[in-house]
Amino acid sequence: KIAFANARSQDRIEINWENFNRYWSGQIRDDADLKQCWSEMIGLYDHNYDPARSAEAVEGGQYRHEAHNWCFEHNWGAYDLKDRLGSIKVPVLVTVVIIGAGAIGGTLGAHMVRAGHDVVLCDADPSHVEAIRTSGLHIEGPVNDFIVHPLVVTPDELPDRIERAMVAVKSPHTRSAADLLRERLTPDGYVLSVQNGLTAEHLIDAVGEDRVLASFVNFGADVMGPGRIMQGNIGTFRVGELRGGEITPRVLEMADALPYAEATDNVLGYLWGKEAYGAMLWAGAVSDLSIADSLADSRYRPLMVAVAEEVLAQAPVTVESFDGFVPDDLEGSLDRLVAFNRGSAKSHSGIYRDLVVRKRKTEIDEMLRDLHGPIFAKIGQLIHDIEQGRRVCEVANLDELAAFVADRQKSADDKSKGQRQ
């Protein structure tokens, strides 16, 4: 109150009081508006007012009107914190470059911008970049509906030095993303992978294992068009060191900055759980059924359990549970995963959308490199057929997979019976 009274009584500079009031009540329209309002009142903060120096300071500033508005809308009414100083935890605002501004990278980046972090989005799709530059990035759907205006660049426009990075591209593009960081990541910097699959190999090759973090992301999101992403639900999100066993300060830093994230000392355990659950999604994607329907149908449950068991048998770590998936209870997991997916606006997997909606190659080759076994190999064969136009996504493919698993089980049972006799 005293500061406001002093501002109104001074005659050093002329103030637009409408802009003044909007500034302090968190009603700034955009970044340019924030810059203009600040330029009108910066003279109040200089003991020896120098218009030229103030103008130079205005031009050198960074302006994020979403962060400004959030702070003044939510914090201003409780600004007197003297009686609570001992209990307040101050979030650390981070600067991060996100390579891949699609469904996952775009959603995470938008939430980080909204929370006040300094985010640069990088995407190779010129139409997506131009839409974000022109109209902002729109997160829509049942979870959130908001627009942010982040700085967005194409790969050739990336800054020369990057301290923190996140990679959110599809697995086939990991090597290209890693190459962008090879000479740019600072010696004390790090990169966090927020991808599907076990993708750290190319990042480690580019920047070294000690500068790579991993994460497990299980919320659903889809790119609906340039500059538009639908967030379908909220799911488990874990961040950790690849080597596990320790939750480091940089893991805590990223977990604190990212929406829904928690730190873990066993991120590979979550990633292998996602591999097993993901194998079910790969199976379901050869049909046109929704995720929930493919998991719920009793005709396909032996298939889903069998392919998950095949993947879990390859896991080199203790596999973690998440969102209804429990590695020691795959039968019960199916019911819980059906409920989880029925609660999401994202009805079909990203695999299905790649095949049917976006008509582009999936990540199956990278998955076949990491996962072995006859059932997943059969799934890979069907996916390749769909990619190459020899099949379409239909229930007949799922029936074929179910029959394949049933035949294998019958052969195993007959062999076991013969050995007993």
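## Strands 1 and 2

In this predicted model, I98 stands opposite L121 in strand 2. The two residues belong to a pairing in which strand 1 and strand 2 (residues 118–122) run parallel and are joined by 5 bridges. As a general point, the strands of a sheet pair through backbone hydrogen bonds, in either a parallel or an antiparallel sense.

## Strand 6 and its two partners

Strand 1 also pairs with strand 6, again in the parallel sense, over 3 bridges, and here I99 is the residue that stands opposite V167 in strand 6. Strand 6 in turn pairs with strand 7 in the parallel sense over 5 bridges, with R164 placed opposite Y190 in strand 7.

How many of the 6 residues of strand 6 are buried? The count is 5 of the 6, and strand 6 is therefore largely enclosed by the rest of the structure.

## Strand 11, covered on both faces

Strand 11 (residues 237–241) is mostly covered, with 5 of its 5 residues buried. The cover extends to both faces of strand 11, since F237, V239 and E241 are buried on one side, while R238 and G240 are buried on the other. The buried residues of strand 11 thus include the charged side chains of E241 and R238, which lie on opposite faces of the strand.

Strand 11 has pairings of both senses. With strand 8 (residues 212–217) the pairing is antiparallel and extends over 5 bridges, and A214 stands opposite G240 in strand 11. With strand 12 (residues 262–263) the pairing is parallel and extends over 2 bridges, and R238 stands opposite E262 in strand 12.

## The sheet as a whole

These pairings belong to an open sheet of 8 strands, whose order is 5-2-1-6-7-8-11-12 and whose pairing is mixed. Strand 5 (151–153) and strand 12 stand at the edges of the sheet, and each has a single partner strand, so one side of each is left without a neighbour in the sheet.

## Helix 8 against the sheet

Helix 8 (residues 174–182) has five buried residues named here, T174, A177, A178, L180 and L181. Seen down the axis of helix 8, the buried residues fall within an arc of 155°, and so they line one face of the helix.

What do the buried residues of helix 8 pack against? Their partners are strand 1 (95–99), strand 6 (162–167) and strand 7 (185–193), together with helix 9 (200–207). Strands 1, 6 and 7 are consecutive in the order of the open sheet, and strand 6, which pairs with strand 1 and with strand 7, is thus in contact with helix 8 as well.

## The chain overall

The protein chain contains 18 helices and 12 strands, and its C-alpha atoms fill a box of roughly 105 × 45 × 40 Å, taken along the principal axes. Of the 421 residues, 53% count as buried. Among contacts between residues at least 6 apart in sequence, 66% join residues at least 24 apart.

The accessible surface of the protein chain comes to about 20300 Å², of which 51% belongs to carbon and sulfur atoms. The chain carries 44 positive and 64 negative side chains, and the centres of these two sets lie 3 Å apart.

Key
Residues are numbered from 1 along each chain as its sequence is written. This is a predicted model: local features need pLDDT of at least 70, side-chain atom pairs count only at pLDDT 80 or more; totals for chains, interfaces and linings use all residues. Side-chain values use heavy atoms; hydrogens and water are left out. Buried means under 20% relative accessible area, exposed over 50%, partly exposed in between (1.4 Å probe, protein chains only). Helices (H or I, at least four residues) and strands (E, at least two) are DSSP runs, numbered from the N terminus. The arc is that of the directions from the helix axis to the C-beta atoms. Contact means heavy atoms within 4.5 Å. Accessible areas come from the Shrake-Rupley method with a 1.4 Å probe; for residues, only the protein chains shown count as cover. Lys and Arg count as positive and Asp and Glu as negative; His and the chain ends are not counted. The place of a charge is taken as NZ of Lys, CZ of Arg, CG of Asp or CD of Glu. Two strands pair if DSSP finds at least two bridges between them.
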